[in-house]
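Notebook open, coffee ready. I'm going from the whole chain down to one residue.

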Amino acid sequence: MTYEKAGFPECSVHFTGLTFADMNLIQSTSGTRYAGTVVNRVAVVFPVDLGDFAGVTYEVPVETEKQLITGLVPNGGYNAEVTNAGGSMRVSVRAGSQYKADAGGVLVIGTLP
């Protein structure tokens, strides 16, 4: 399956073995443009455009337990704020020191198995 988000024609994500019923799609609401999905309570978001990270805000279902934010500076420091947004969680990520991205530029919020 290929998913192309309206308004993000240059962002195409390929999923194998999933249907749209399995996914909650994510689109950033401010900051750097990101798109992604939530599957099995895990959110994964990807930058739509390569370039400098200017922070990002997006919403995920309240049931989301883990998040992977990709496309960040390897080993870079980030702050993340998660707030209630009435039926969903609003996530804002900015440069800071609360969390550290891994060597591949992926920030994990929550605990992965």
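Entry 1, the overall fold. I counted elements to begin with: the protein chain has twelve strands and zero helices. Reading along the sequence, I just get β-β-β-β-β-β-β-β-β-β-β-β. Note to self: this is a predicted model.

Entry 2, chain totals. The chain has 113 residues, and 39% of them count as buried. Its accessible surface is about 6,200 Å², with 51% of that belonging to carbon and sulfur atoms. I also checked contacts between residues at least 6 apart in sequence: 46% of these join residues at least 24 apart.

Entry 3, a sheet. I traced an open sheet of five strands, in the order β4-β7-β10-β9-β11, with antiparallel pairing. Which strands stand at the edges? They are β4 (30-31) and β11 (99-100), and each has a single partner strand, so one side of each has no neighbour in the sheet. Reminder from class: strands of a sheet pair through backbone hydrogen bonds. Then I zoomed in on β9 (residues 77-84), which pairs with β11 in the antiparallel sense over two bridges. Tyr78 has Tyr99 of β11 as its bridge partner.

Entry 4, Ser28. I found Ser28 in the loop between β3 (24-27) and β4. Is Ser28 buried or exposed? Its relative accessibility is 11%, so Ser28 counts as buried, the cut-off being under 20%. Leaving out residues up to four places away in sequence, Ser28 touches Arg33, Tyr34, Val56, Thr57 and Tyr58. Thr57 is 29 residues away along the chain, yet the C-alpha atoms of Ser28 and Thr57 are separated by 5.6 Å. Last lookup: a polar atom of the Ser28 side chain lies 3.4 Å from the backbone oxygen of Thr32.

How values were computed
Residues numbered from 1 in each chain as written. Predicted model: local features only at pLDDT ≥ 70, side-chain atom pairs only at ≥ 80, totals over all residues. Heavy atoms only, no water. Pairing = 2+ DSSP bridges. Buried < 20%, exposed > 50% of the residue type's maximum accessible area, 1.4 Å probe, protein only. Contact = heavy atoms within 4.5 Å. Areas by Shrake-Rupley, 256 points an atom, 1.4 Å probe, with all protein chains shown as cover. Polar contact = N/O pair within 3.5 Å; in protein donor to acceptor, adjacent residues only side chain to side chain.
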